[in-house]
Amino acid sequence: MAKSAKPKNRYAKSEKLFAEAVKLMPGGVSSPVRSFKSVGMSPVFIKEGKGARLIDADNNSYIDYVMSYGPLIAGHCPPTVRAAVAKQIDKGSSYGCNSEPEIRLAALIAEAMGHVPMVRFVNSGTEATMSAVRLARGVTKRDLIVKAAGCYHGHVDALLVEAGSGATTHGHPSSPGVPEAVTANTLVVAYNNLEAAAKVFAEHGARIAVVMVEPICGNIGVVAPVAGYLQGLRELCDKHGAMLLFDEVMTGFRVAYGGAQGLYSVRPDITCLGKIIGGGLPVGAYGAKAEIMNQVSPAGPIYQAGTLSGNPLAMAAGIATLELLADGNAYSQLEALGARMETGLIEAAKSAGVAVAVQRVGSMITPFFLKNEAASKKQEGSPVVQNYAEALACDTAAYARFFKVMLDGGVMLPPSQFESWFISTAHTEGDIDATIDVAKGAFAAAKS
Ligand SMILES: *Cc1c(COP(=O)(O)O)cnc(C)c1O
């Protein structure tokens, strides 16, 4: 009698690596989402990324929609970015002195974004927002920050807040280790809710330094601003002498070459960038008009510094990436691929009988698994999920089931309902169609 073969574990090597990793790094990861905890799986280890594909330690191949959570708009290892980094590393990796690529990248940003004529480079999005808040407070000589619930601005103490209960808008720390004293100056409002913003201004207007938002919320899944929201924030800030900060770490050079501020034609006072402008290397930047930026040290009194800031390798990767995007064709290509994905997901979900709201801006897309038919009460053209509370009401267990079938089928999605998928210029129509084919079964499985 033949022994029945044990089904092969296609993640065996990743699981072995993870067992080692948890002994050496908290949760076995360098950033929490990578643990696959919210989809209840053991995470995969990647050994190679090429174009739109990832290869894991067990040699499984995936069409990748994580794309390093946004930076890789031209896919993994685009030839020109690779060449630029290789050329630079032969000339050294860091100087502790000025280098010309900083000027080139700053100039590319200034050309693309009319409201960012001057920047300071840092090493991550977190550093950008942290420094930008200091700048806003330093310039306005006010202390209060207004932040929208669900918008993620990195792990800055003052921004790790959740809304207070009841009538209070003062934030409470959302992580141990953040003192109440630090978040006491952070006011939390619901995203896409102008009345809530108007209310905090009515109460605290003269003390508010800055209103900061993701102009398109991407860190609870993709939630576009409702018509008039960003413009309304602009007007409130102007009326009360506060600054408007757009955190475009994700959306900058993603939704359009000029970012979300270009897409919606709203002027922020300060802009934070990161991700794409580093082309896959660690980078961040904050920028504004000269009058504001020249308040930063050494031009002005507001201190901020960085050993590796303006790093020539990161600058080289960023420049090469922006050069790939500059001709504008990239964005029509990304829009077409995004639209194809959106249509495909909607149809696949519908034929599986799963209630899903597919929300998309360009190449950022999230299918929200709805627990109830929230959709029907929303106005035509508005997103079904409009804020953090509505995102939290989604069916994360259904997403987890969906995720697993997609992964097994060779599609790497973010391992959380509350993340955007990213399409790159390395993806093809064939990749999208193959993804939709796998999604048909995944939606059926999600339904359980
Ligand atoms: C990713 C992200 C950040 C944080 O950037 P890190 O480089 O991870 O520190 C900040 N804001 C937004 C909108 C982001 O998407």
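Here are some questions and answers about this predicted model.

User: Happy to start with the whole fold: how compact is the protein chain for its 448 residues?
Analyst: The chain holds 14 helices and 16 strands. For 448 residues the globule rule gives 22 Å, and the radius of gyration comes out close to that, so the chain is as compact as a globular protein of that length, with a radius of gyration of 22 Å.

User: And what share of the residues is buried?
Analyst: Let's begin from the surface: the chain exposes about 19300 Å², and carbon and sulfur atoms supply 55% of that area. A residue counts as buried when its relative accessible area is under 20%. By that cut-off, the buried share of the 448 residues is 54%.

User: Which strands are the edges of the sheet with the order 13-14-16?
Analyst: That open sheet has three strands, and its pairing is antiparallel. Strand 14 (residues 364-369) is joined to strand 16 by two bridges, and Ile 365 stands opposite Trp 421 there. The strands that pair on one side only are strand 13 (356-361) and strand 16 (421-422).

User: Nice! Which helix lies across strand 13, strand 14 and strand 16?
Analyst: The helix in question covers residues 329-352. Its direction is at about 175° to strand 13. It is helix 11.

User: In the sheet with the order 1-2-3-15, what is the bridge partner of Glu 48?
Analyst: This open sheet has four strands with mixed pairing, and strand 1 (46-50) is one of its edges, along with strand 15 (411-412). Strand 1 pairs with strand 2 (residues 53-56) over four bridges in the antiparallel sense. The partner of Glu 48 in strand 2 is Ile 55.

User: At what angle to strand 3 does helix 14 run?
Analyst: Helix 14 (residues 429-447) lies across strand 2, strand 3 (61-64) and strand 15. Relative to strand 3, the helix runs at about 110°.

User: How many disulfides does a search of the whole structure find?
Analyst: A disulfide here needs two cysteine sulfur atoms within 2.5 Å. A search of the whole structure gives a count of zero. As an example, Cys 151 has its nearest cysteine sulfur, that of Cys 217, 3.7 Å away, and is in no disulfide. The number of disulfides is therefore zero.

User: Is Cys 97 buried or exposed?
Analyst: The cut-off for exposed is over 50% relative accessible area, and for buried under 20%. Cys 151, at 4%, counts as buried. Cys 97 has 59% relative accessibility, so it counts as exposed.

Terms used. Residues numbered from 1 in each chain as written. Predicted model: local features only at pLDDT ≥ 70, side-chain atom pairs only at ≥ 80, totals over all residues. Heavy atoms only, no water. Pairing = 2+ DSSP bridges. Contact = heavy atoms within 4.5 Å. Axes fitted to C-alpha atoms, helices over the stretch in contact; angles between N-to-C directions. Rg over C-alpha atoms; globule rule 2.2 N^0.38 Å. Buried < 20%, exposed > 50% of the residue type's maximum accessible area, 1.4 Å probe, protein only. Areas by Shrake-Rupley, 256 points an atom, 1.4 Å probe, with all protein chains shown as cover.
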